[in-house]
Amino acid sequence: MGSTIPLYLQIQQHLLKRINDGDWPAHHQIPPEEQLARDFGVSRMTANKAIRDLVHQGYLTRQPGLGTFVTDRKAESSLVDVHNIAEEVRGRGHLYSNDVLLAEAIAADDEVALRLGVRLGTRVYHTLIVHRENGIPIQLEERFVNPRWVPDYLETDFSHHTPNEVLVAACPITDIEHVVEAVLVDAATAERLETEVSRPCLSMTRRTWSGENLISYARLIHPGERYKLRSSLHRSFEPR
């Protein structure tokens with residue numbers, strides 16, 4: 001029995017899979033309508049509809065006389081501010097979801113104690129969450145929180161509220177520290193992000209303060225082909 005999915009949607013699914021898997025990166029030229037029509041055994045009008053809809057959705061862009069190309073739709077976060085990733089995703093008109101892998105209290109090891117400004121073995125809160133955009137993983141967040149400043153952190157239903165929401169509600173964030181680098185991840189991380197160990201990722205460590213209190217330390221891993229970071233600086237100019 002043949003598929004009940006309309007033919008134009010089958011073409012769209014094929015194109016989106018190639019884009020989301022990273023086979024067709026931003027600015028890659030996709031096959032022309034004529035070739036897609038031949039490959040799927042459909043009319044050129046059907047192939048045209050599949051492409052036209054993806055253009056309207058922002059996945060593709062047409063360049064007259066040249067062809068149709070993949071747009072740069074990487075998720076984007078600011079390096080200057082700390083935003084709620086759920087709001088970022090929804091602000092792009094996309095569906096946000098997550099996988100809560102861990103929510104526990106642990107003893108701080110050497111690195112966590114140093115980064116969080118506590119003694120070795122201090123009880124801290126630990127969460128591990130995969131954030132998704134339209135079902136696709138865009139960030140693996142591992143966060144350590146000082147219970148002294150956010151005592152109710154682990155009582156949160158993280159399927160409905162992000163760690164950022166909890167921290168901002170408990171302690172207004174006044175200072176942030178970011179360190180960003182390109183990394184290759186281990187097999188477990190690659191599996192959680194549904195990527196390959198050979199594909200570079202963006203790693204960002206973030207520490208947040210509320211006044212003089214160091215609230216949390218987080219490690220954020222993003223698949224490089226799906227994410228970008230942005231920074232901007234405004235300086236007032238006073239003519240001499």
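What share of the contacts in the chain with a separation of 6 or more comes from residues 24 or more positions apart? The share is 61%, where contact means heavy atoms within 4.5 Å.

**Before you click**

This is a predicted model: local features need pLDDT of at least 70, side-chain atom pairs count only at pLDDT 80 or more, and totals for chains, interfaces and linings use all residues. Residues are numbered from 1 along each chain as its sequence is written, and side-chain values use heavy atoms, with hydrogens and water left out.

**Whole chain**

Show the cartoon. The chain has seven helices and 10 strands. Both are DSSP runs numbered from the N terminus: helices are H or I with at least four residues, strands are E with at least two. Now colour by burial. Of the 240 residues, 40% count as buried. Buried means under 20% relative accessible area, exposed over 50%, and partly exposed in between (1.4 Å probe, protein chains only).

**Stop 1: strands 4, 5 and 6**

Select residues 123–133. This is strand 5, and 10 of its 11 residues are buried, so the strand is largely enclosed by the rest of the structure. Add residues 96–107 for strand 4, which pairs with strand 5 in the antiparallel sense over 11 bridges. Two strands pair if DSSP finds at least two bridges between them. To check the register, find Ala 105: its bridge partner in strand 5 is Tyr 125.

Next add strand 6, residues 136–145. Strands 5 and 6 are antiparallel too, with nine bridges. Leu 128 stands opposite Glu 142 of strand 6. The two strands form a hairpin with two residues between them, and Asn 134 in the turn has a positive phi of about 55 degrees.

Stay in strand 6 and pick Ile 136. At 23% relative accessibility, Ile 136 counts as partly exposed. Draw a distance from its C-alpha atom to that of Tyr 96: the separation is 9.3 Å, although the two are 40 residues apart along the chain.

**Stop 2: strand 9 and its partners**

Select residues 213–223, which form strand 9. Nine of its 11 residues are buried, so strand 9 is largely enclosed by the rest of the structure. Which way does strand 6 run relative to strand 9, parallel or antiparallel? The two run antiparallel, joined by six bridges. Glu 141 has Leu 220 as its bridge partner in strand 9.

Now add strand 8, residues 201–210. Strands 8 and 9 pair in the antiparallel sense over 10 bridges. Thr 205 stands opposite Arg 219 of strand 9. This pair is a hairpin with two residues between the strands, and Gly 211 in the turn has a positive phi of about 65 degrees.

**Stop 3: Ser 216**

Zoom in on Ser 216, in strand 9. Is it buried or exposed? Ser 216 counts as buried, at 0% relative accessibility. Its side chain makes a polar contact of 2.9 Å with the side chain of Arg 143. A second polar contact, 2.8 Å, joins the side chains of Ser 216 and Thr 208. A polar contact is a pair of N or O atoms within 3.5 Å; within protein, one must be able to donate a hydrogen and the other to accept it, and residues adjacent in sequence count only if both atoms are side-chain atoms. Leaving aside residues up to four places away in sequence, Ser 216 also touches others, including Leu 116, Phe 144, Val 145 and Leu 167.

**Stop 4: the second largest pocket**

Select Leu 140, Glu 142, Thr 189, Arg 219 and Ile 221: of the 16 lining residues, these lie nearest the pocket's centre. Strand 6, strand 7 (175–183), helix 7, strand 8 and strand 9 each supply at least two residues of the lining. A pocket, on a 1 Å grid over the protein atoms alone, is an open set of points where a 1.4 Å probe fits, with protein on both sides within 12 Å along at least five of seven lines; lining residues have an atom within 4 Å of a point.

**Stop 5: two loops**

Pick His 27, in the loop between helix 1 (7–20) and helix 2 (33–40). His 27 has a positive phi of about 80 degrees although it is not a glycine. Most residues other than glycine have a negative phi. At 61% relative accessibility, His 27 counts as exposed.

Then go to Glu 194, between helix 7 (187–192) and strand 8. Its phi is also positive, near 55 degrees. Glu 194 counts as partly exposed, at 47% relative accessibility.
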